[in-house]
Amino acid sequence: MSQIVVEAERRKAGGKNVNRRLRYSGKIPAVMYGRGKEPVPITVTPEAVRNILFSESGRNTIFTVTVDGGQHTNAMVKEYQLDPVRGSLIHTDFFEIAMDRLLELTVNVEIVGEAEGVKLDGGLMDIVTRSIQVECLPADIPDSIKVDVAHLKINDYIRVKNLTADPKVKILTDAEVVIVTIVPPVKEEVPVEVPV
């Protein structure tokens with residue numbers, strides 16, 4: 001599991017001007033939520049959140065939050081907000097994680113290999129579904145669900161029911177959903193000459 005630690009400070013909930021000054025000082029407002037607990041307004045550095053979002057497991061990264069150098073809490077990024085013009089982080093929400101409680105979350109699908117139908121027959125790979133819903137304990141969250149496409153020929157496909165995941169991970173997405181398919185190559189139409 002990740003050893004990322006996010007240093008946070010408690011803040012008094014304020015309006016737009018307070019948050020604008022906070023961002024100008026190099027921090028962003030955040031809120032820490034927990035089951036059965038009051039939300040805690042905090043401040044964090046945008047770099048800490050960016051490092052989590054761009055890590056291998058992205059939003060599914062479990063990290064430690066320390067508030068005012070005291071309590072340590074396991075958390076995940078629940079939501080984040082970007083400035084619509086600059087694209088910089090302007091707010092984030094953290095969700096406290098109990099390591100013994102099942103989570104439902106979205107995990108990306110990772111395509112592995114080169115399909116026979118593409119390599120030998122000129123087909124095109126169409127990735128229909130790029131992520132699926134799973135349920136597991138926080139310690140068992142996969143970085144991605146790997147899908148081997150090497151054996152696929154033209155018109156072959158892989159559905160969710162064909163995926164193999166760790167036995168500790170329960171796939172919640174409908175079993176009939178298509179993940180990837182190999183479609184025949186597009187034939188160019190030859191223009192027909194019309195006699196004049």
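A pocket, as the term is used in this talk, is an open set of grid points with protein on both sides within 12 Å along at least five of seven lines. Good morning, colleagues. The model before you is a predicted one, and I shall begin with its pockets before turning to the cores and the salt bridges.

The largest pocket has a volume of about 500 Å³. Its lining comprises 21 residues, and those closest to the centre are R59, N60, M76, L105 and T106. Two elements give two or more residues to this lining, namely strand 5, residues 72-82, and strand 7, residues 103-112. Strand 7 provides the largest share, with 7 residues. In terms of chemical character, the lining holds 8 charged, 7 nonpolar and 6 polar residues.

One of the central residues, R59, deserves further comment. Its side chain meets that of E79 in a salt bridge, with an N to O distance of 4.0 Å. R59 belongs to the loop between helix 2 (46-53) and strand 4 (63-67), while E79 belongs to strand 5, so the pair ties together parts that are 20 residues apart in sequence. As to solvent exposure, R59 is partly exposed, with a relative accessible area of 36%. E79 is likewise partly exposed, at 45% relative accessibility.

I now move to the second largest pocket, which contains about 200 Å³ of space. The residues that line this pocket are K16, R20, R23, D83, R86, S88, L89 and I90. Helix 1 (16-24) and strand 6 (89-96) each contribute at least two of them, and helix 1 has the largest share, with 3 residues. By class, the lining divides into 5 charged, 2 nonpolar and 1 polar.

Two of these lining residues, D83 and R86, form a salt bridge with each other, at 3.8 Å from N to O. How do the partners stand with respect to solvent, buried or exposed? D83 is buried, with a relative accessible area of 16%, whereas R86 is exposed, at 71% relative accessibility.

Next, the nonpolar interior. The largest nonpolar core has 23 residues, of which I132, V147, L163 and I179 touch the most other members. The elements giving two or more residues to this core are strand 7, strand 9 (131-136), strand 10 (145-148) and strand 13 (178-183). Here too the largest share comes from strand 7, with 4 residues. Strand 7 therefore appears in both accounts: it has the largest share of the lining of the largest pocket and the largest share of this core, with its span given by the DSSP runs.

V147 illustrates how this region is connected. Setting aside neighbours within four places in sequence, V147 is in contact with V109, E110, I111, V112, I158, L163, I179 and V180. A second, separate core has 19 residues, including A30, I42, A48 and L53.

I close with the remaining salt bridges. The structure holds 9 in total. E110, already named among the contacts of V147, forms one with K146, and the closest N and O atoms are 3.3 Å apart. E110 is in strand 7 and K146 in strand 10, so this pair ties together parts that are 36 residues apart in sequence. E110 counts as partly exposed, at 33% relative accessibility, and K146 as exposed, at 51%. Finally, R159, K161 and E176 are joined into one network by salt bridges that share partners.

Thank you. I would be glad to take questions.

Note on methods:
Residues are numbered from 1 along each chain as its sequence is written. This is a predicted model: local features need pLDDT of at least 70, side-chain atom pairs count only at pLDDT 80 or more; totals for chains, interfaces and linings use all residues. Side-chain values use heavy atoms; hydrogens and water are left out. On a 1 Å grid over the protein atoms alone, a cavity is a set of points where a 1.4 Å probe fits but cannot get out, and a pocket is an open set with protein on both sides within 12 Å along at least five of seven lines; lining residues have an atom within 4 Å of a point. Grid points are joined across faces, edges and corners, and a volume is the space filled by probe spheres set on the points. Ala, Val, Leu, Ile, Met, Phe, Trp, Tyr, Cys and Pro count as nonpolar, Asp, Glu, Lys and Arg as charged, and the others, Gly among them, as polar. A nonpolar core is a set of buried Ala, Val, Leu, Ile, Met, Phe, Trp, Tyr and Cys residues joined through side-chain atoms within 4.5 Å. Buried means under 20% relative accessible area, exposed over 50%, partly exposed in between (1.4 Å probe, protein chains only). Contact means heavy atoms within 4.5 Å.
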